[in-house]
Amino acid sequence: MNEAYAIPAVAVVVLATVLIGGFGLRISRTTSDFYVASRTVGPRLNAAAISGEYLSAASFLGIAGLLLVHGPDMLWYPVGYTAGYLVLLVFVAAPLRRSGAYTLPDFAEGRLESLQVRRVVSMFVVGAGWLYLVPQLQGAGLTLQILTGAPRWFGGALVAAVVVLAVAAGGMRSITFVQAFQYWLKLTALLVPAFFLLLAWRGSGSPPGDLPPADLPSAGVGAGQPLATSRADHPLYATYGLIVATFLGTMGLPHVVVRFYTSPNGRAARRTTVVVLALIGTFYLLPPLYGWLGRLYAPGLTATHDADATVLLLPGLVVGGVAGDLLGALVAGGAFAAFLSTASGLTMAVAGVVSQDVLPSRGVRHFRLAVALSMAVPLALALLVDGVPVADAVGMAFAVSASSFCPLLILGIWWRRLTPPGALAGLFLGGGSAFVAVTSTVAGAATEGWLHTLLAWPALWSVPVGFLTMILVSLATPHTIPPHTTATMTRLHLPETLWSGAPQGRGERREQPPATGTRRTPSAPAAGGALKGRGERREQPPPTRAPITPPHPTTEGHAQ
């Protein structure tokens, strides 16, 4: 690939990200601005932002690489990634928005009235976020190495620096605009070159496969590494493990879930999810096309263990000339946007938890410190761990999410008998076992046979473990059901228009006053008003009730 075209393309994407993030800084002033964009993001903008952060390095590069190596069996990746939003739409989107929480730990504490559950959920959010961030940084290193010949660590470090700058500048409101822009850039970066690649294929007079293999580094993050070979041992089990992880893992990804808190109301959250299904469904038509063209024109990429580079190299291999260089530059810019958008969302989600549950005090300054801490650990891991395919690494994060957050959200929203001991036991046995399994796989604890396959694709057994454990332990501890469960469940499932009180915003009503002496959720707007940074205005009078805070005993009977 011609560096004279690729480097400016990457530079333009980085500059645009910084400038749009700077625009967010000008309009971010309060707690709600930084954490949930004051819950004013409309369905179209929110859907574009969700799609932008969801379509990660695994979507942009990894799926085409896996299809190049393993063929049509890997089509379950885009199918699973898309269908996961259908499950999210049906079971989670609207109730989660009605909870009024800022983060998953907020929801867990409000629903189960347990500070201990909140702390455990916080631990899992941070762990899953870091597990998902590592392949984004590794993919950025691979991309920049192919484009410029720079050391592999440089790409990850560059993404980390830009993300910290953008997220720390304006929080959720800032990255909403950044991620919406990056979705449309990524779609354009795949759609336009795909059109010219198909024209070249239709007009080619030479047999496919006659082109020489690309000149790639000999060691890289490719699809020919350990996880991919496990499918050859037990492909049917690996396929089902992939389906379960991608279908159920989407609803618990911290950077996806936090986006639904930015919707004005439950109806807007549902509409957002429908638009997301259309946007990501359109995008996922393209990576399989690149994988198929890679099999025709660049089969030699599999020998270099860098099949993840298929999307980057095809324009130069198939089209060639100045046109190929320009198309390659467009793809390079889109790939870098994929790393930046997903890393921004993950960093925002992890930083929100760190600033509320780890750091001793809260405010703009501590939020920005949390952003730096949230990126430092995955950057170090990305530099130390190598050799795992991008799509496989992301699949491991989905497995952990499906085994921990999915049971918590489904049962917490739809089953009133869930208890704090049941939730804790399910998180540790379901999510904990999945986390141990995937980290053992990366560490090389088992390299072949059934043990390796079970560890590499744990969702098929760890998700049932999580659900069954939560149900059985909750049934065994009925005396620990939170006292205000009925009122909480009513809040989750009744439309906002039925809540009593004066109108608070478009489509919303002000909530009931809290019980006297009830502990407020730390992240709620009522927890101190605005983030009191230098030069900031004080937030408007806070809502009179924290998210899902148990109502006063005199109002509970009415809610029942």
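The following conversation concerns salt bridges and one helix pair in a predicted model.

Guide: In this predicted model, local features need pLDDT of at least 70 and side-chain atom pairs count only at pLDDT 80 or more, while totals for chains, interfaces and linings use all residues. Residues are numbered from 1 along each chain as its sequence is written, and side-chain values use heavy atoms, with hydrogens and water left out.

Visitor: Why is the pair R118 and D106 called a salt bridge?

Guide: The term asks for a side-chain nitrogen of Lys or Arg within 4 Å of a carboxyl oxygen of Asp or Glu; the closest N and O atoms of R118 and D106 are 2.6 Å apart, so the pair qualifies.

Visitor: What makes D106 buried, and D357 partly exposed?

Guide: Buried means under 20% relative accessible area, exposed over 50%, and partly exposed in between (1.4 Å probe, protein chains only). D106 has 0% and is therefore buried, whereas D357, at 29%, is partly exposed.

Visitor: Which residues are linked in a network of salt bridges?

Guide: The network links D106, E109, R118 and D357, with R118 meeting E109 at 2.9 Å, N to O, and D357 at 2.7 Å.

Visitor: Why is helix 15 called roughly antiparallel to helix 16?

Guide: Axes are lines fitted to C-alpha atoms, for helices over the stretch in contact, with angles from 0 to 180 degrees between N-to-C directions. The axes of helix 15 (residues 310-318) and helix 16 (residues 321-357) cross at roughly 170°; because angles over 145 degrees count as roughly antiparallel, helix 15 earns that description.

Note on methods:
Helix = DSSP H or I, 4+ residues; strand = E, 2+ residues; numbered from the N terminus. Parallel < 35°, antiparallel > 145°, perpendicular 65-115°, else oblique.
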